Every structure is written in structure tokens, then in C-alpha cells.
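Here is a set of short exercises to work through with the structure open beside you. Try each task before reading its solution.

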Amino acid sequence: MEFGLTDEQQQIRDEVRRFAENEIVPVAEEYDTGEKYPHDVVGKAAEMGLTGSYIPIEYGGAGYSILDTAIITEELFAYDPGIALSIVSTSFGTESIMNFGTEEQKERFLEPVAMGEAISGAAISEPDTGSDVSSVSTRAEKDGDEWVLNGTKMWITNGTVADFIVVLCKTNPDAEGRYNGFSQIIVETDRDGVKTEKITGKLGIRASDTAEVVFDDVRVPEENLVGTQDAAFMQQMQFFDETRTAVAAQGVGIAKGATREALEYAQDREQFGQSISEFQAIQHKLADMATKTEAARNLTYKAAWNVDQGNDITKLASMAKEYASRVAVDVANEAVQIHGGAGYVNDFPVERFYRDAKITQIYEGTTEIQKNIIARELLGKGF
């Protein structure tokens, strides 16, 4: 693994940075305060190939690697996590279609997302089902040449703005084994029986759309089944190495942005006749913040690189996700502390970073779940 970025990756980072400075920073507070989905910004990001960036070129995407995508994610999240999530999540759920979908499904669903003409979503969590994915109760029953879905999904990113959602549901309740009998089915959100309700009042990532999605006798054609019937649970598990690495990149970005803001503020703010950056206590905070961020970045990039190599990195992906999310929370906390009272209001971005950071310890598997996975891998395979 090379520690330096290629010229192309550095160019990607520079372009994303300019985009964020020009298109995200001026409107970040507006979308956060209003809890509005940033359609205009997402549209501009699509023109740059930032939506569905890992979708293969043959389906209209940029064909970026997982490491490339981690670099993009980090840079976007360093400016505003809410809008950043809105951009990178436009392709949620397409991983299943790319890896297990039919050619017709890929052409029909991937290309519009890659071109910025459609938004996708993935529906896994339910009101009573979070970390325990195997407890999903949403049902899909076969009726002739159609699937009929009933159930409720909760905390669904893009729930009210998505054009289609890949739904994890139970298709064989009598299947033996805890992890059998699940399937993934594509549901277009304009079908009869699909009801969505936006969730407001979130602590952070307010620009990103989150919703409750209800399926009430929703009928979809049998060809909307993704992959093998009743085998979706194990299919779903294959993507967590990628998605958890992506969340790790989000955490790195938040830590990077918070550190940058704290560094700038510390050099500008004066107390007792000098810049507060002259005080050793502040210097030590900044040093710790930068060191933790760099460590999280290296762990995340290593995970992303190994995903690209096709290696089994379940332990490493969970390590990256757990550590980078913890660093994001810790660094954002210190950034607010350096700002003092000014960091407690939305005059400065650190207040937003502080609120946004916490979700990285919750979605795509909580901190506790990541530690369980790491311990299980260690006990089973050694260190």
C-alpha cells in the first residue's frame, strides 16, 4: 500500500474541496437550520460526478475505487456533514444492484442515479429493529407474478426524496436458521401503498433526508427481486466492509473540518493580550486533535485500499468505523471547547460538527456492535 495519493487522487481532492468551498459552505447553515434537502447542491454535485461515484463507467458512473470514494467523502464531510451525506447517499442501495442485480436492473436503476436523474435509498432498519438486522419483520409475499410488501421501515436516508428504495424483507418466514428467508426487493416510491413521513428534530445531519417508510399492500413485479430469493441477509452482510469504511471516512472528514476551524479560531482569538494559540493548553488540544485525525485517516485509507484489493477486512473495517467515529466526536468536542462560548452557537461551524459527529457512532452498526465484531474476529482468527 502506498501512503501517498496519486496525482489523480490529489486532483480529485482539490476539485472536491473547491466545490465544497464554493457550493456548500455558503448555504450550509441555511439547510441545517431549515432541515431542508439540498436539491440544488446535489444537482451540481451530480454534474461533477460526485453522486454514485463508484458506479461503473458502463452505467454512467465515474467508476471510482473505494479509496477514491473515501477521499471524496472525507473532503465533503470536512465542510458540512449534512449536505455531504445528501450527496454521497444518492446511491444508497445500489451496491446490491451492482453486485447481484440483473443487467436489466443495472441499466434501469444505476444509470439514472449516476447521471443525477434519480435518488435511491436502502430500507433495512425498522421501529423495533436496529442493530439486530435478522429481526426484520417487513414481509413480501408472492401473488402471481408480483410481490406484495407490508411493513414499516424507520430512519431511512432519502426516504421522502428517493425515486426507488431497495428493501430488505422477509420472503420465507418458515425458513430454517436465523439468517435465512430474507430477500431484497426494489420498490419505486411512486407505487400505490408507499407512504413516507419525514423525520424532523434530528440532533445533526439535518440537511439529509430521514424518514419513516410504510408499505401497505405495495405491489411490485417479480423482476424487482435483487439477487437470489431468501439469500439477501448474507448478500447484505457483504457490503458492510464498504459501508463501514465509508462511515469511517465521514468521521475523518468531520474531525478534519473541526480541527481546521479550531486552528483558525485559536490563531484569531486573543485573550490576555495574545492569541490563544500561544497558550500551551490550546496547543496540546490542537496537537491531539490533529494526531487523532491523522491516525483515523490512515486506518480508514488502509481499510478502503484493502476493500479495493478484494481482501477480507471485516475486522479492519469495524476498527476503522469505530475509531474514526470516536475521533470525530472527541475532536468536535474539543473544537467547541477551544471556541468557548462562541462554539455553543451557530456563528461558527464547530457547533454543527459537534452535533453531526454523533451519528457516525450509530448508523451502519453502533460502536458497541463494531467492538463485538472486532472481538469476534480476534477470538476466531487471532491478531
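## Exercise 1: A charge and a ring

Task: Find which ring the charged end of Arg244 sits over.

Solution. The charged end of Arg244 sits over the ring of Phe240, 4.3 Å from the centre of that ring. Keep in mind that you are looking at a predicted model. Next, look at Arg260: its charged end sits over the ring of Tyr79, 4.3 Å from the centre.

## Exercise 2: The helix α9

Task: Compare the span of helix α9 with the expected span, and decide whether α9 is largely enclosed or not.

Solution. Start with the length: α9 runs over residues 240-268, which is 29 residues. From the first C-alpha to the last, α9 reaches 42 Å, close to the 42 Å expected at 1.5 Å a residue. Then turn to burial. Of the 29 residues of α9, 22 are buried, so the helix is largely enclosed by the rest of the structure.

## Exercise 3: The two sides of α3

Task: Work out which residues of helix α3 are buried and which are exposed on the other side.

Solution. Begin with the buried residues of α3, which spans residues 39-47: they are Val41, Val42, Ala45 and Ala46. These residues cover an arc of only 145° around the axis, which puts them on the same side of α3. A general rule helps here: an α-helix has 3.6 residues a turn, so residues three or four places apart point the same way. On the other side of α3, you will find Asp40 and Glu47 exposed.

Now ask what covers the buried residues. The cover includes α1 (7-24), α2 (28-34) and α5 (81-88). Finally, step past the helix: α3 is followed by Gly49, whose phi is positive, near 80°.

## Exercise 4: An aromatic pair

Task: Classify the ring pair of Phe100 and Phe239 and say where each partner lies.

Solution. A search of the whole structure finds six aromatic pairs. In the pair chosen here, the ring centres of Phe100 and Phe239 are 5.8 Å apart and the planes stand at 70°; planes over 60 degrees apart count as edge-to-face, so this pair is edge-to-face.

Next, place the partners. Phe100 is in helix α6 (residues 94-100), while Phe239 is in the loop between α8 (232-237) and α9. The two are 139 residues apart, and their pair links distant parts of the chain. As for burial, Phe100 is partly exposed, with a relative accessible area of 23%, whereas Phe239 is buried at 4%.

To round off the rings, look at Tyr179, Phe182 and Phe233, which ring pairs link into a cluster.

## Exercise 5: The nonpolar cores

Task: Find which residues have the most contacts inside the largest nonpolar core, and which helix gives the most to this core.

Solution. The largest nonpolar core has 82 residues. Those with the most contacts inside this core are Leu76, Ile87, Leu149, Ile185, Val187 and Ile338. Helix α11 (residues 314-339) gives the most to the core, with eleven residues. A second, separate core has 14 residues, including Phe109, Ala118, Phe164 and Ile186.

Take Val187 as a case to inspect. Leaving out residues up to four places away in sequence, Val187 touches Leu149, Phe164, Ile165, Val167, Val194, Phe215, Val218 and Val220.

Then go to Val16, in helix α1. With a relative accessibility of 1%, Val16 counts as buried. Beyond its neighbours within four places in sequence, Val16 is in contact with Leu50, Ile72, Glu75 and Leu76.

## Exercise 6: Positive phi outside glycine

Task: Decide whether Asp230 and Phe272 are buried, partly exposed or exposed, and give the phi of Asp230 and of Phe272.

Solution. Asp230 lies in the loop between β8 (225-226) and α8. Its phi is near 70°, a positive value in a residue other than glycine. At 21% relative accessibility, Asp230 counts as partly exposed, since buried means under 20%.

Phe272 is in the loop between β9 (270-271) and β10. Phe272 is not a glycine, yet its phi is positive, about 55°. At 78% relative accessibility, Phe272 counts as exposed.

Notes:
Residues numbered from 1 in each chain as written. Predicted model: local features only at pLDDT ≥ 70, side-chain atom pairs only at ≥ 80, totals over all residues. Heavy atoms only, no water. Buried < 20%, exposed > 50% of the residue type's maximum accessible area, 1.4 Å probe, protein only. Helix = DSSP H or I, 4+ residues; strand = E, 2+ residues; numbered from the N terminus. Arc of directions from axis to C-beta. Contact = heavy atoms within 4.5 Å. Core = buried A, V, L, I, M, F, W, Y, C linked by side-chain atoms within 4.5 Å. Expected span 1.5 Å × (residues − 1). Phe/Tyr/Trp six-rings, centres within 6.5 Å; stacked < 30°, edge-to-face > 60°. Lys NZ or Arg CZ within 6 Å of the ring centre and 35° of its normal.
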